[in-house]
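The exercises that follow ask you to read a protein chain closely, one local feature at a time. Try each task with the sequence and the structure in view before you turn to the solution.

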Amino acid sequence: MNHIKSIISAVSVVFLLASCNNSNPQQKSPSSSDSTTLDTTKIESSKRILFFGNSLTAGLGLDDQSEAFPALIQNKIDSLNLGYTCINAGLSGETSAGGKDRVDWLLKDKIDVFVLELGANDGLRGISPDATYQNLNEIVDKVKKAYPDCKLVLAGMMVPPSMGDQYFKDFAAIFPKLAKEQNMTLVPFLLDKVAGIQTLNQGDGVHPTKEGQQILAENVWTHLKGIL
């Protein structure tokens, strides 16, 4: 119970995710934070993991995108010689509706694992959880249609209690529901052990530092490694 309360308290800072849409000009951001980074030589000889998300995936504010959790997971994969290439398709400010439109061109190249990290900006804007669920569901449907054998991972997110108790519950329920219905591997809360901890977040209090990104990588890797 105390752990749950601490998570709910910490997630209050997620309300500041407006900075996903308006980054602090004094912060450093990766040169490719708004585009997909491809190591084409490596990709040609390995399976692909597509990380599809917002600024948390893109690594907004970090010195280099190599400090973002998809790249850190690539390091883990390389150390185990698993033969996968991680593609960072994070876009700062992305919503579920935007992602639904953007995903099509990313599916032109075959992917073997799809990691979906969207929804936080929807919660910030108070968008109906039903609409967010529908958008995320359509994204997954597109991936399945293009690549029926693709393995699917969903990163869960929360909104602050200040959004209202019912909205908090309805939003949190999106992710386990979608994961169950679409047979996805669920990361219960991407920002677990990071949200609300000052030393693990940048000056905006929202975007993880490189140390925070290392914890995000562990949060995802714990669930991702079993399906590789």
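**Exercise 1. Place Lys193 in the chain, and describe its backbone and its surroundings.**

Solution. Begin with the position: Lys193 sits in the loop between strand S5 (185–187) and helix H9 (210–224), where helices (H or I, at least four residues) and strands (E, at least two) are DSSP runs, numbered from the N terminus. The model is a predicted one, in which local features need pLDDT of at least 70 and side-chain atom pairs count only at pLDDT 80 or more, while totals for chains, interfaces and linings use all residues. Residues are numbered from 1 along each chain as its sequence is written, and side-chain values use heavy atoms, with hydrogens and water left out.

Next, consider the backbone: Lys193 is not a glycine, yet it has a positive phi of about 70°. As a general rule, most residues other than glycine have a negative phi. Finally, Lys193 counts as exposed because its relative accessibility is 53%; buried means under 20% relative accessible area, exposed over 50%, and partly exposed in between (1.4 Å probe, protein chains only).

**Exercise 2. Find where Asn81 lies, and decide whether it is buried or exposed.**

Solution. Asn81 belongs to the loop between helix H4 (69–79) and S2, and with a relative accessibility of 71% it therefore counts as exposed. Asn81, too, is a residue other than glycine with a positive phi, here about 55°.

**Exercise 3. Compare the span of H8 with its expected span, and look for a bend.**

Solution. First take the length: helix H8 (residues 165–181) has 17 residues and reaches 24 Å from its first C-alpha to its last, which is close to the 24 Å expected at 1.5 Å a residue, the expected span being 1.5 Å times one less than the number of residues. Then follow the axis, which bends by about 30° at Ile174, with the proline Pro176 following within four residues; the bend at a residue is the angle between axes fitted to the seven residues ending there and the seven starting there. Among the buried residues of H8 are Ile174, Phe175 and Leu178. Just after H8, Asn183 takes a positive phi of about 55°.

**Exercise 4. Describe how H7 packs beside H8.**

Solution. Start with the axes: those of helix H7 (residues 129–146) and H8 come within 9 Å and cross at roughly 25°, where axes are lines fitted to C-alpha atoms, for helices over the stretch in contact, and angles run from 0 to 180 degrees between N-to-C directions. H7 is therefore roughly parallel to H8, since angles under 35 degrees count as roughly parallel, over 145 as roughly antiparallel, 65 to 115 as roughly perpendicular and the rest as oblique. The residues that meet (contact means heavy atoms within 4.5 Å) include Leu136 in H7 and Phe171 and Ile174 in H8.

**Exercise 5. Which residues does Thr95 touch, not counting residues up to four places away in sequence?**

Solution. Thr95 lies in the loop between strand S2 (84–90) and helix H5 (96–106), and it counts as buried because its relative accessibility is 11%. Its partners are Leu118, Asn121, Asp122 and Arg125, when residues up to four places away in sequence are not counted.
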